[in-house]
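The following exercises are to be worked with the sequence and the model at hand. Each task is followed by a solution in steps.

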Amino acid sequence: MKDQYPAKSFIYVFQSTKQGNFRGENSFQHDVDVVIEVPEKGTAVQMGRFNQGGQMNIFDHETGDI
């Protein structure tokens, strides 16, 4: 699909192993600009090829709501 629609953006969702690797091929990680991991409930950690980085809370800790 990426070759068929070169002007479109795609979002890939992968499960990871306990060692932190993607299940299946890791070659997809080289095709993306940003990787967002959710290492624990409520926290998203971002890293990417442009050396940006950051972390944010994605749930209200008191209620559990988004």
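**Exercise 1.** Is Phe 10 buried, partly exposed or exposed?

*Solution.* This is a predicted model, in which local features need pLDDT of at least 70, side-chain atom pairs count only at pLDDT 80 or more, and totals for chains, interfaces and linings use all residues. Residues are numbered from 1 along each chain as its sequence is written, and side-chain values use heavy atoms, with hydrogens and water left out.

Step 1. Apply the classes: buried means under 20% relative accessible area, exposed over 50%, and partly exposed in between (1.4 Å probe, protein chains only).
Step 2. Phe 10 has a relative accessible area of 30%, so Phe 10 is partly exposed.
Step 3. Place the residue: Phe 10 lies in the segment before strand 1, where strands are DSSP runs of E of at least two residues, numbered from the N terminus.
Step 4. Along the chain Phe 10 and Val 32 are 22 residues apart, and their C-alpha atoms are separated by 9.0 Å.

**Exercise 2.** Determine the class of Val 38 and of Gly 42, and relate each residue to Asn 57.

*Solution.*
Step 1. Val 38 belongs to strand 1; its relative accessible area is 52%, and therefore Val 38 is exposed.
Step 2. Gly 42 sits in the loop between strand 1 and strand 2 (43-48); its relative accessibility is 1%, so Gly 42 counts as buried.
Step 3. From C-alpha to C-alpha, Val 38 is 9.9 Å from Asn 57, with their positions 19 residues apart in sequence.
Step 4. For Gly 42 and Asn 57, a sequence separation of 15 residues goes with a C-alpha distance of 5.5 Å.
Step 5. In the protein as a whole, 11% of the 66 residues count as buried, and the strand pattern along the sequence is β-β-β.

**Exercise 3.** How much space lies in the largest pocket, and what residues line this pocket?

*Solution.*
Step 1. A pocket is an open set of points on a 1 Å grid over the protein atoms alone, where a 1.4 Å probe fits, with protein on both sides within 12 Å along at least five of seven lines; lining residues have an atom within 4 Å of a point.
Step 2. The largest pocket holds about 760 Å³ of space.
Step 3. Its lining comprises 23 residues, and Tyr 12, Val 32, Val 34, Val 35 and Ile 36 are those nearest its centre.
Step 4. Sorted by class, the lining has 13 nonpolar, five polar and five charged residues. Ala, Val, Leu, Ile, Met, Phe, Trp, Tyr, Cys and Pro count as nonpolar, Asp, Glu, Lys and Arg as charged, and the others, Gly among them, as polar.

Technical notes: Grid points are joined across faces, edges and corners, and a volume is the space filled by probe spheres set on the points. Helices (H or I, at least four residues) and strands (E, at least two) are DSSP runs, numbered from the N terminus.
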